[in-house]
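Here are my notes on the model you sent round. Please read them with the coordinates open.

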Amino acid sequence: MTWKEKLSDSIPAELGQEIDAFENQIALRRQDKVDEKVFAETRLRRGVYGQRYDNGQRNDGSGPKPLAYPSNGLTKGPETVWDAPGMMRIKIPMGRLNPNQMDILADLADEYSDQICHVTTRQDIQLHFVHIDDTPDLMRRLAAVNITTREACGNTVRNVTGCPLAGVCRDESFDVTPYAEACMQFLLGHPDAQDFGRKFKVSFSGCQEHACGLASMHDLGLIAVTRTQDGIEQRGFETYVGGGLGAVPHQAKLFDKFLPVEELLPIAQAIARVFARLGEKRNRARARIKFLVAQLGMEEFKRLVLEERHKLKTDPRWTAHIAEAPHHTEHPFKENGSSSSDGSNSYKHWLRTNVYQQRQTGYSVVTIALPLGDLTSRQMRELAEIAREYVGDAVRLTVEQNIVLRWVSDADLPSIYQALFDVGLAAPGAGTIADITACPGTDTCKLGIASSRGLAAELQSRLVQQGEALDPSVEQLRIKTSGCFNSCGQHHIADLGFYGVSRNIGGYAVPHFQVVLGGKWLDNGGAYGLASMAIPSKRIPEVVDRITKRFVDERHEHETFQDYTQRVGKRAFKEMLNDLATVPAHDLQPDYYSDWGDPREFTLGDMGIGECAGEVVSLTEFDLAAAEA
């Protein structure tokens, strides 16, 4: 019996029909009956990416996963045998998971992937080395537990993200969870959000001062605020539009100081319509909404959006989706309690860095720090059992590539630590300098220049060894690494950010990282760092050591790292690091000419054409392809 037959009663009808249509399009593409450009955007909108294949993994067993794939296979004609691995991106709105879903993700990682579940910086899960022929069944099994991959990629509204502490945060204005869910449900597949030139990202934050949803770096960022009129408290959103990172980072601009919650969905729809109509489509490098906002200016952009809003016919979903939001509550799984801080030093360290006291007395949020955002299928399955025992469905992924368990009774903290320790998930240091964010880089991304994951692993290993010996002012810093300038690792909003570049030295390509200093993680990603200089990859650990030591020695009392970098200035940092930029001759130190985690001589020869931008496909072309299917 096929998975389609087994799950026929479990899959929502609409999702089932979409998956069937996608499976038909795969068959038609094999027969060359669907244009490659249309098929590429179609599969991206279903979460199916091509991936880099020549990444140091070999058939002789020297690599972590033996492969024998000659090409990516997803972009060839009907004669190609589609044997190449790909990546499957799975949308997890606001990172909310339940144990049953976690079990399925573990099963899929075992059966279709490399036994690794990767948490992304957008609260998604990615499975790598997935064959395209397996993706329809993979989608069906996800749909049966209410997970979709629809619009996980492509020129669409991507996964709606939000603060993992929403509803339990001590500083939030109100719980943004139901509003984020409403926005996701309303915009998913909405006709007005299907004709963009590039992707569109939405985030929700419960407060202004913390990182929360990182509103400043989003196409649409919403921060919960309240006001009192006639003695009645009203909910709304401080609304920002036009943020984004990448090669040309823009901070989002204020659209509305107080957008009433009743206007959330119609305004989001109006913004989508303006972006679809006026956004760039030919020049892909300038097709994000941040360029449209910059071109028009916020005053004109807002005028067009409000004009569009007034044209919209009333949609009952605007209110239906948020009707129960004020009454949304998340109930604890177990009775609250209290816990002593007695225990081993490792437990006390974990308690200090990985446990957050909720505003609800007797409950805590436990953060599971995942090195490089990875956990094995076995760990995912074991974590599902831990959740069942201690917190029920109160599990969320974070944009720092971690997992949090909410509503942990304080009385259970010692036992949950031991349970996590037993499965290798009790590492301390969550939210510290050792908790490093890294994009996939050269491991699997076609655009990766240098090994962001390799560098992150090396830095993390060194910083973990220092442990509690780290100066408190250094421990609270954040490091983020990206394989290229596109900032998938969010290096712009790190205290110490690094992105991969290449330099030609004596006829050899040498992996380097551009050093970006002084980004601000707090205040919803309140400021972007400035690029300082490029340093050979193998000397980046020395960069971290040198800068952090100077910071400890030279900082004024209570001075933040961002304030310190602004006071010291770019020139001083260049002088501080200048000697590290020198690359010795290849014959003298050949290790400089290879990257972290890859003993081969560094080359850019295995780079490919990235798929992050998707393909610009008209709605008419989609309709014709659908009719063919």
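**Notes on the predicted model**

1. Of the 629 residues in the chain, 59% count as buried (under 20% relative accessible area with a 1.4 Å probe and protein chains only; over 50% is exposed, and partly exposed lies in between). This is a predicted model, in which local features need pLDDT of at least 70 and side-chain atom pairs count only at pLDDT 80 or more, while totals for chains, interfaces and linings use all residues. Residues are numbered from 1 along each chain as its sequence is written, and side-chain values use heavy atoms, with hydrogens and water left out.

2. The radius of gyration is 24 Å, which agrees with the value near 25 Å for a compact globule of 629 residues (taken over C-alpha atoms; the globule rule is 2.2 Å times the number of residues to the power 0.38). Along its principal axes, the C-alpha trace spans about 70 × 65 × 55 Å.

3. The chain holds 20 helices and 20 strands (DSSP runs numbered from the N terminus: helices are H or I, at least four residues, and strands are E, at least two). Of the contacts between residues at least 6 apart in sequence, 71% join residues at least 24 apart (contact means heavy atoms within 4.5 Å).

4. One open sheet has five strands in the order S6-S7-S8-S9-S10, with mixed pairing (two strands pair if DSSP finds at least two bridges between them). Strands S6 (161-162) and S10 (253-260) each have a single partner strand, so one side of each is left without a neighbour in the sheet. S9 (residues 232-241) pairs with S10 in the antiparallel sense over five bridges, and Val241 stands opposite Lys253 in S10.

5. Helix H6 (residues 177-187) packs on this sheet, touching S7 (202-205) and S9, and its direction makes about 165 degrees with that of S7 (axes are lines fitted to C-alpha atoms, for helices over the stretch in contact; angles run from 0 to 180 degrees between N-to-C directions). Helix H9 (residues 298-311) lies across S9 and S10, at about 40 degrees to S10.

6. The largest nonpolar core has 73 residues, and Ile125, Leu127 and Leu405 have the most contacts inside it (a set of buried Ala, Val, Leu, Ile, Met, Phe, Trp, Tyr and Cys residues joined through side-chain atoms within 4.5 Å). Helix H4 (residues 99-112) gives the largest share of this core, seven residues. A second, separate core of 47 residues includes Leu187, Leu264, Met298 and Ala325.

7. His491 sits in the loop between strand S17 (479-482) and strand S18 (496-505). His491 counts as buried because its relative accessibility is 0%.
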